[in-house]
Amino acid sequence: MAATLEPCRALRDAIESSLDDEGNVLDGASAQLRRLRGELRVARDRLGRHLEGIIASSGAREFLQEPLITPRNGRNVRPIKSEFRSRVPGVVHDTSDSGATVFVEPLAAVELGNRVRELEADEHKEVLRVLRGLSEL
């Protein structure tokens with residue numbers, strides 16, 4: 001019975017051009033996805049540079065628990081020593097278990113962080129649209 005089935009070359013080609021070997025949706029699966037992922041890379045890079053610049057220019061290194069940017073609740077934050085929390089304006093997204101560290105998104109970076117989140121949501125919608133299209137095929 002299987003020998004009588006017609007090969008679905010169009011479906012196979014669509015899947016191969018849309019998914020990698022691990023099943024991730026490729027940038028080239030749609031023009032919209034390629035554009036969104038490009039914008040997302042630029043927005044993430046801009047946010048990272050901005051966060052680094054805030055700390056470098058403000059002389060706030062003494063406030064840092066660690067000199068890194070870390071994600072908390074989908075936002076890029078800086079780990080700040082709790083005793084210096086009032087000296088770093090921003091949104092607290094988390095606190096360490098010990099209470100020695102608060103994870104603060106600097107106010108100056110909130111808008112850039114919002115843009116990244118918007119692009120991530122748009123990317124997710126486009127990935128679902130591509131997968132729905134493949135399922136329909």
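The following exercises, each with a worked solution, concern the fold, strand 4, the salt bridges and helix 3 of a predicted model.

Residues are numbered from 1 along each chain as its sequence is written, and side-chain values use heavy atoms, with hydrogens and water left out. Because the model is predicted, local features need pLDDT of at least 70 and side-chain atom pairs count only at pLDDT 80 or more, while totals for chains, interfaces and linings use all residues.

**Exercise 1. The chain as a whole**

Determine which pattern the chain follows along the sequence, and state how its radius of gyration stands to the globule rule.

Solution.
1. Helices (H or I, at least four residues) and strands (E, at least two) are taken as DSSP runs, numbered from the N terminus. On that basis the chain has three helices and four strands.
2. Read along the sequence, their pattern is α-α-β-β-β-β-α.
3. The radius of gyration of the chain is 22 Å, well over the 14 Å that the globule rule gives for 137 residues, so the chain is more spread out than a compact globule. Here the radius is taken over C-alpha atoms, and the rule is 2.2 Å times the number of residues to the power 0.38.
4. Along the principal axes, the C-alpha atoms fill a box of roughly 75 × 30 × 20 Å.
5. Buried means under 20% relative accessible area, exposed over 50%, and partly exposed in between (1.4 Å probe, protein chains only). Of the 137 residues, 30% count as buried.

**Exercise 2. The surroundings of strand 4**

Establish which strands pair with strand 4 and which way its residues point.

Solution.
1. Two strands pair if DSSP finds at least two bridges between them. Strand 2 (residues 75-81) pairs with strand 4 in the antiparallel sense over four bridges, and V102 is the bridge partner of I80.
2. Strand 3 (residues 90-95) also runs antiparallel to strand 4, joined to it by five bridges. In this pairing V91 stands opposite E105, and G90 stands opposite P106.
3. Strands 3 and 4 form a hairpin with five residues between them. In the turn, G99 has a positive phi of about 85°.
4. Six of the six residues of strand 4 (residues 101-106) are buried. T101, F103 and E105 point one way, whereas V102, V104 and P106 point the other way.
5. The charged end of R72 sits over the ring of F103, 3.9 Å from its centre. The criterion is NZ of Lys or CZ of Arg within 6 Å of the ring centre and within 35 degrees of the ring normal.

**Exercise 3. Salt bridges between distant parts of the chain**

Find how many salt bridges the model contains, and describe where the partners R75 and E105 lie.

Solution.
1. A salt bridge is a side-chain nitrogen of Lys or Arg within 4 Å of a carboxyl oxygen of Asp or Glu. The count comes to 14 salt bridges.
2. R75 forms one with E105, the closest N and O atoms being 2.9 Å apart. This pair links distant parts of the chain, with R75 in strand 2 and E105 in strand 4, 30 residues apart.
3. R75 is buried, with a relative accessible area of 11%, and E105 counts as buried at 2%.
4. The side chains of D27 and R41 meet in another salt bridge (3.5 Å, N to O). D27 lies in the loop between helix 1 (9-18) and helix 2 (31-58), while R41 lies in helix 2, 14 residues apart.
5. D27 is partly exposed, with a relative accessible area of 27%.
6. D27, R37, R41 and E123 are linked in a network of salt bridges.

**Exercise 4. Helix 3**

Compare the span of helix 3 with the expected value, and identify which of its residues are buried.

Solution.
1. Helix 3 (residues 110-136) has 27 residues and reaches 39 Å from its first C-alpha to its last, close to the 39 Å expected. The expected span is 1.5 Å times one less than the number of residues.
2. Its buried residues are G113, V116, L119, E123, E126, V127, V130 and L134.
3. An α-helix has 3.6 residues a turn, so residues three or four places apart point the same way.
4. E126 and R129 both lie in helix 3, three residues apart, about one turn of the helix. Their side chains meet in a salt bridge (2.7 Å, N to O).
5. E126 counts as buried at 7% relative accessibility, whereas R129 is partly exposed at 42%.
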